[in-house]
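Let's take a friendly walk through this model, with the charged pairs as the starting point. The sheet and its neighbours come after that, followed by two unusual peptide bonds.

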Amino acid sequence: MDATNAISGRTKLACLIGSPVEHSASPLMHNASFAQLGVDAVYLAFDVAPADLERVALSLPRMGAVGYNVTMPHKARILPLLDGLSDAARLMGAVNTVKVEKDGSTTGHNTDGAGFWRGMSERGFDVQGKRVVVLGAGGAGSALFVQAALEGAASVDVFNSRSPRFQAAVDRASTVEAHTGCAVRVHDLADSEALASCCAQADAIVNATSVGMAPNEDKCLLSAEHIPSGAWVADAVYNPRETKLLRMARDQGNPTMPGIDMIIWQGAIAEEIWLGASMDVESTRRLLA
């Protein structure tokens, strides 16, 4: 923060709560954006243990915070401590952004899915009416398939291993389909025939697992044969910037989006929620690069 945006008695607070938080790029991203926008606010990261979550969540509005981000392990635990939830947060069962309203009440949002699809939209892909394949039904995967349905996707096919979260994904998909009318189906990732069939018909294929993340950059859930000509391919992994999946798709001539775009756009939407301000996304991309 430079001298033109020095902290004063009028400076507003936004922050991140979770544990651990030392690795987070959010303070760098938001403080640079606040300074560029001329917003008199500061963004800090607080390591909050689960035992302290309720006290912190109740204290931040009383301290005058404009809002805050929530990361693991609190994304689900924060829900009963808030006064209201957006449709996305309620359907995902997770909150990553909280707006403190003028009356001190709090509204929980989830900007992960919205950030992902905003990034795709800015690159030229409109999810409305499209067929989407999502690999993974964890936090990121759930955010992506819920938001795709909310934004009018024609269908979403989700693939996940038969882990303990499989049935939870099936239940969430059923709720989302009833709420949105979008056909949402959950498949076993080991069902190679279903995977090949769904990918062949897809307008967009998204990896929302950690497969391909450093130091395992040589890993990929799909082969080149899974990717139809013209389909968009995106990855929620942002380290490395170009995963094996994205490189394979690019080499075939398919349009792609890296995971860093999801990180940037979810932060940009958070600032819109807190401040009604528009982050300079290109500046933020250069900063994080």
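Across the whole of this predicted model, a search turns up 13 salt bridges. Three of the pairs, including their N to O distances, are set out here.

| Acidic residue | Basic residue | N to O distance |
|---|---|---|
| Asp87 | Arg90 | 3.3 Å |
| Glu101 | Lys99 | 4.0 Å |
| Glu242 | Arg250 | 2.6 Å |

What separates Asp87 from Arg90 along helix α3? They are three residues apart in that helix, which spans residues 87–92, so about one helical turn lies between them. Asp87 is partly exposed at 40% relative accessibility, and Arg90 is partly exposed too, with a relative accessible area of 43%.

Is Lys99 buried or exposed? With 18% relative accessibility, Lys99 counts as buried, because the cut-off for that class is under 20%. Its salt-bridge partner, Glu101, is partly exposed at 29%.

In the pair of Glu242 and Arg250, Glu242 has a relative accessibility of 30% and counts as partly exposed. Arg250 is also partly exposed, its relative accessible area being 42%. Beyond these pairs, salt bridges link Arg123, Asp261, Glu282 and Arg285 into a network.

Now for the sheet. It is open and built from six strands, ordered β2-β1-β3-β5-β6-β4, with mixed pairing. Why is one side of β2 and of β4 left without a neighbour in the sheet? Both strands, β2 at residues 41–47 and β4 at 84–85, stand at the edges and have a single partner strand each, so one side stays unpaired. For β4, two bridges make the connection to β6 (residues 106–109), and these two strands run parallel. Within that pairing, Gly84 has Thr107 of β6 as its bridge partner.

Helix α1, covering residues 26–37, packs on the sheet and touches β1 (12–18), β2 and β3 (67–70). The direction of α1 makes about 170 degrees with that of β2. Helix α9 (residues 259–275) packs on the sheet as well, in contact with β1, β2, β3, β5 (97–100) and β6. Here the angle between the directions of α9 and β5 is about 15 degrees.

Finally, the peptide bonds. Most peptide bonds are trans. Yet Ser19 and Pro20 are joined by a cis peptide bond, with omega about 0 degrees, and Pro20 sits in the loop between β1 and α1. Another cis peptide bond joins Met72 to Pro73, where omega is about 10 degrees. Pro73 is found in the loop between β3 and β4.

Technical notes:
Residues are numbered from 1 along each chain as its sequence is written. This is a predicted model: local features need pLDDT of at least 70, side-chain atom pairs count only at pLDDT 80 or more; totals for chains, interfaces and linings use all residues. Side-chain values use heavy atoms; hydrogens and water are left out. Two strands pair if DSSP finds at least two bridges between them. Helices (H or I, at least four residues) and strands (E, at least two) are DSSP runs, numbered from the N terminus. Contact means heavy atoms within 4.5 Å. Axes are lines fitted to C-alpha atoms, for helices over the stretch in contact, and angles run from 0 to 180 degrees between N-to-C directions. A salt bridge is a side-chain nitrogen of Lys or Arg within 4 Å of a carboxyl oxygen of Asp or Glu. Buried means under 20% relative accessible area, exposed over 50%, partly exposed in between (1.4 Å probe, protein chains only).
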